[in-house]
Each structure stands twice: as C-alpha cells, then as structure tokens.
Amino acid sequence: MGAKIPILFVFIIMLFALSSAHPSKRKQYSPCKNLVLYFDDIIYNGDNAVNATSSIVAAPQGANLTKLATQFHFGNIAVFDDPITLDNNLHSKTIGRAQGFYIYDTKNTYTSWLGFTFVLNSTYHQGTITFAGADPIMQKSRDISVTGGTGDFFMHRGIATIMTDAFEGEVYFRLRVDIKFFECW
C-alpha cells in the first residue's frame, strides 16, 4: 500500500505538469517598434539602362537576361538596388537603398523567394534591416521574416507585411513594407 501512494502522487504531478505545458491560449505579442517604408523596382529590359534599379542575372536555358522568362518567370534570378522612401512617390527623398535578390521559384503560379537588406542612412534612421522569405506575389499582402539588423535596428527581429502598391507590366513595381519588430534591443 505504501508504494502505491508515491506512484499515484508522481502520476498526478506529471499529469499536472503536462496539462500546464500547453496553455490553451497563445500569448499575444505587441510590436516594440513599427515602421512603414516603400521601395520601387525598375527591372532592366534592354531599353531602360539609365533608370533600371534591378537586373536579371540568371535565366532558364534558352532565355535571355533582358526579358523575364515565360511560364511564371520560373528560373529567373534578379538582383536589385532600389531607392527606399517614406511615402509612395518614386520621386520622394530617398532615405536608403533596398539591396538584394529575388528568385522566381514556382512553375505554376507567380511566386518568388526574397533575400534583401534595407540600408538606411538618413536623419530618420541609421543602420540595416535584413529580410528573408517566400513571396506569393498574387496575394494582396504577404509576410516575410525580419531576421536582424544593425545600427538603430541592432538585433531587431519581427515580421514585415509587404503589399504591391503599384506595378506597370513586368518592368516596374512598388512595394509597401509594413515592418513590425517584436524583439528590440
């Protein structure tokens, strides 16, 4: 009888510990910092070298580097160095550059994988913010990860919601980037 009580006691303790390990409601986090920025991408098409801010650097076999591949641009890789502004006007004062690449990585829909950094150097912000993630382009808004930063954004992490603010065919698009930092140092 004496051995049954400690076993029952241990069983009850374990049951209590397991039930409290998985709370029924997730904790809601609030951002420690918010930031909304815009960047404009003008892809080189063979005729716009003066204004282009991005270029195709790899294409599927048989394709060229001045036009995006057919069938959802699958296999194209582009690098960019785009101006960043505080509003949705391409001619507004630039506060930094968006530098990185995108890879069109799906054969059956428009989607890409993004890896880029906002390099900010203005009276508003100093430092970098690094982003990475999948971009299902056909969705109105998409979330990508904020993986880190430097300067004013040292060790910041969070989520960036991107939305296509404007586009003109396959040559120009503007993205609105709503950044929510959940870890701020």
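## Around L175

Let's start with one residue in this predicted model. Setting aside neighbours within four places in sequence, L175 is in contact with L37, Y38, F39, R142, M163, T164 and D165. One of those partners, T164, sits 11 residues away in sequence, and the C-alpha atoms of the pair are 4.7 Å apart.

Is L175 buried or exposed? Its relative accessible area is 4%, and anything under 20% counts as buried, so L175 is buried. As for where to look for L175 in the fold, try strand 9, which covers residues 172–183.

## The chain as a whole

Stepping back, the protein chain has one helix and nine strands. Reading from the N terminus, the helix comes up before the strands, in the order α-β-β-β-β-β-β-β-β-β.

The protein chain has 185 residues, and 34% of them are buried. Its accessible surface is about 11,500 Å², with 60% of that belonging to carbon and sulfur atoms. Among contacts with a separation of 6 or more, 47% are between residues 24 or more positions apart.

## The largest pocket

Now for the largest pocket, which has a volume of about 550 Å³. It is lined by 26 residues, and the closest to its centre are Y104, I137, T164, F167 and F173. T164 is also one of the contacts of L175.

Which strands each supply at least two residues of the lining? They are strand 1 (33–42), strand 4 (96–104), strand 5 (112–121), strand 8 (157–168) and strand 9. By type, the lining has 16 nonpolar residues, along with five polar and five charged ones.

Terms used
Residues are numbered from 1 along each chain as its sequence is written. This is a predicted model: local features need pLDDT of at least 70, side-chain atom pairs count only at pLDDT 80 or more; totals for chains, interfaces and linings use all residues. Side-chain values use heavy atoms; hydrogens and water are left out. Helices (H or I, at least four residues) and strands (E, at least two) are DSSP runs, numbered from the N terminus. Buried means under 20% relative accessible area, exposed over 50%, partly exposed in between (1.4 Å probe, protein chains only). Contact means heavy atoms within 4.5 Å. Accessible areas come from the Shrake-Rupley method with a 1.4 Å probe; for residues, only the protein chains shown count as cover. On a 1 Å grid over the protein atoms alone, a cavity is a set of points where a 1.4 Å probe fits but cannot get out, and a pocket is an open set with protein on both sides within 12 Å along at least five of seven lines; lining residues have an atom within 4 Å of a point. Grid points are joined across faces, edges and corners, and a volume is the space filled by probe spheres set on the points. Ala, Val, Leu, Ile, Met, Phe, Trp, Tyr, Cys and Pro count as nonpolar, Asp, Glu, Lys and Arg as charged, and the others, Gly among them, as polar.
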